[in-house]
Amino acid sequence: MTRGPLLLFGVAALIGLPLIVVALSLLNPQWDILAHLWQTVIPEYVSHSLILLVSVGIGVTVLGVSTAWCVSQFDFPGWRWVSWGLLLPLAMPAYITAYTYTGLLDYAGPVQQALRSVFDWQLGEYWFPNIRSLPGAIFVLCVVLYPYVYLITRAAFMQQSTAAFESARTLGAGPWKSFWRVAMPLARPAIATGVTLALMETLADYGTMEYFGVTVFTTGIFRTWYGIGDTQGALQLAAILLLFVVALILVERYSRRRAKFYQRRSDGDSMRKPLRGRHAVMASLVCWLPIVLGFIIPAIELVIWSIERAEVWTQPSFWQLTFNTLWLGLMAAAITVLLALWLAYGRRRHPTRPLRAAVSLAGLGYAIPGIVIAVGLLSPLTWMDHRIIDFSRWAFDVNPGLLLSGTVVALLFAYSVRFLSVSLQTVSSGLEQITPQMDDTARTLGASPRRILWRVHLPLLRSSILAALILVLVDVMKELPATLVLRPFDFNTLAVRAFEMASDERLADAGPPALMIVAVGLIPVMMLSRALKTQSIKTGE
């Protein structure tokens, strides 16, 4: 292996360092720690995680598939609005939605206040569901994560040929039977992929679980690390959570191992059927309900809180938080895009099996919860810090402090690991659209690989690079667990401030930072809706 591919391999392995550290902890299990954890917390973590996975899986499947079917197959009043409106919950982090529903539905919220006022009830004279509970967490995750299923399943339904449905109708199958016997089997790979993405986000969630008091692995890792100071216990819990993630990936791949369907809808072939009367009303309700629950209600509550705390918008501390968040996001986006461009181009030039495997390992970070990456990073970074301190004391008699684990370097490293996959997939998709013949032609004209990248590929990749930058920026702004664990002591972000205010039961004070996060999060949603509109036009809709 030459120097170039060897350097690429080394960088890819470095990006995968946190996963390697956590995985290696399985090879050296601390049996006494595991026995203690198993006797105290692991059964509860496992049971709650399984309940969450099953319940959220069912919920996002029902919401995502039903809305995708209505939008892709039927013409009803307002379908153009809901076709992109169903993506809006992607801009609303789950923990922010949890704060808004708590503000609405807890004892001091407007809903219970209105009930007590109308019916003259007193405390203890009526029952009201507790939103800060496991069922409440399931509800929040379902209304926030269903777009993963909707987006992918809608594309699958749009690509299905009308010939299959016409054949089913000639055999006596009605609309409902055609849906179950034809459309669903054809869309099963897409549904499995969307549900798996939603379940990975469920396992990775920390803010909602911590605020609602639901004990799962993410909250357990944080409490073990910070509450007890047990590094090895946190690593063991992170390794178990990593096993859950790997199991999800394997189940998803197994579920579609033979599910490959090759079909193409002919140009101008429209499956959209006009709906009138009660059927149109039902389709509208099915599509508008998740939009209202997942975006409109939380957004209205955030706007109300932000108006109540209008003075926050003029405080220098708030804009310092905004600057910190944007600066971190832009730095992380620039680093990950440069790494993605280098790795993707290196894989294009040297498509060897070891290098492809290393790049794939580096791109696994998005599937791994942020808390696992943070725990996997702290141990090696702390070790490196102490070696730097020892050398500096020996050579210069100076203690430089924690240069890696105590600064934003750790945060940027974690963000690069967590979100490299986003940039890598976006940049790789753009590179795949550039024919290798252009590279061959440039080489025959004497251009070096670096010059080919600079003069040929980069101009063609501008839109892909811009999309990757925006996606990573928004993801960094929403990221909570890794930021909580790795941020320096005197450094805060909008996500951390919103979490701190909500944890102190100052929900209205959490409104401005949360609204800022959501406002920026709308940018990629608008980009995605525009891309879907273009795709619909091309397919004849």
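This briefing walks through the fold, the salt bridges, the buried charges, the cavities and a few unusual spots in one protein chain. Keep in mind that you're looking at a predicted model. The chain has 24 helices and just two strands, and buried residues make up 53% of its 541 residues. If you take the contacts with a separation of 6 or more, 82% of them join residues 24 or more positions apart.

**Salt bridges**

- The structure holds eight salt bridges, and here are some of them.
- Arg-309 pairs up with Asp-509, with the closest N and O atoms 2.8 Å apart. Arg-309 sits in the loop between helix 14 (277-308) and helix 15, while Asp-509 is in helix 24, so this pair ties together parts that are 200 residues apart in sequence.
- Arg-309 counts as partly exposed, at 27% relative accessibility, whereas Asp-509 is buried, with a relative accessible area of 17%. The cut-off explains the two labels, because buried means under 20%.
- That pair has company: Arg-309, Arg-506 and Asp-509 are linked in a network of salt bridges.
- Glu-479 and Arg-418 also meet in a salt bridge, at 3.6 Å from N to O. Glu-479 is in the loop between helix 21 and helix 22 (481-486) and Arg-418 is in helix 18, so the two tie together parts that are 61 residues apart in sequence. Both Glu-479 and Arg-418 are buried.
- Arg-487 and Glu-500 make another salt bridge, at 3.5 Å from N to O. Look for Arg-487 in the loop between helix 22 and helix 23, and for Glu-500 in helix 23, 13 residues apart.
- Arg-487 is partly exposed, with a relative accessible area of 23%, and Glu-500 counts as partly exposed too, at 24%.

**Buried charges without a partner**

- Arg-116 lies in helix 7 (residues 110-119). This arginine is buried yet has no salt bridge, and the nearest side chain of opposite charge, Asp-106, is 8.0 Å away. That rules out a salt bridge because one needs a nitrogen within 4 Å of a carboxyl oxygen.
- So what does Arg-116 touch? Leaving aside neighbours within four places in sequence, Arg-116 is in contact with Tyr-107, Trp-121 and Tyr-126.
- Asp-205 is in the loop between helix 10 (175-204) and helix 11 (207-212). Asp-205 is likewise buried with no salt bridge, and its nearest side chain of opposite charge is Arg-418, 9.1 Å away.
- Arg-418 may ring a bell: it is the residue that bridges to Glu-479.
- Not counting residues up to four places away in sequence, Asp-205 touches Ala-94, Leu-141 and Thr-218.

**Cavities**

- A search of the whole structure turns up two cavities of 30 Å³ or more.
- The largest cavity has a volume of about 50 Å³. Its lining includes Ser-49, Leu-52, Thr-202 and Phe-217, as well as Thr-218, a residue that Asp-205 touches.
- Helix 4 (42-73), helix 10 and helix 12 (217-228) each supply at least two residues of that lining. The lining residues of the largest cavity divide into five nonpolar, three polar and no charged.
- The second largest cavity holds about 40 Å³ of space. Among the residues that line it are Thr-325, Leu-328, Tyr-415, Val-476 and Glu-479.
- Helix 15 (316-349) and helix 21 (462-478) are the elements that give two or more residues to the lining of the second largest cavity. The lining residues here divide into four nonpolar, three polar and one charged.

**A contact spot at the start of helix 18**

- Val-408 belongs to helix 18 (residues 408-432). Val-408 and Phe-491 are 83 residues apart in sequence, but their C-alpha atoms are 8.6 Å apart in space.
- Besides Phe-491, Val-408 touches Trp-327, Leu-328 and Pro-488, not counting residues up to four places away in sequence. Leu-328 also helps line the second largest cavity.

**Unusual backbone angles**

- Asp-120 has a positive phi of about 55° although it is not a glycine. You'll find Asp-120 in the loop between helix 7 and helix 8 (134-159), and it is exposed, with a relative accessible area of 57%.
- Glu-505 also has a positive phi, about 60°, without being a glycine. Glu-505 sits in the loop between helix 23 (494-503) and helix 24 (507-538), and it counts as partly exposed, at 44% relative accessibility.

Definitions and conventions:
Residues numbered from 1 in each chain as written. Predicted model: local features only at pLDDT ≥ 70, side-chain atom pairs only at ≥ 80, totals over all residues. Heavy atoms only, no water. Helix = DSSP H or I, 4+ residues; strand = E, 2+ residues; numbered from the N terminus. Buried < 20%, exposed > 50% of the residue type's maximum accessible area, 1.4 Å probe, protein only. Lys, Arg positive; Asp, Glu negative; His and termini not counted. Contact = heavy atoms within 4.5 Å. 1 Å grid on protein atoms, 1.4 Å probe; cavity = no way out; pocket = protein on both sides within 12 Å on 5 of 7 lines; lining within 4 Å. Points joined across faces, edges and corners; volume = space filled by probe spheres on them. Nonpolar A, V, L, I, M, F, W, Y, C, P; charged D, E, K, R; others polar.
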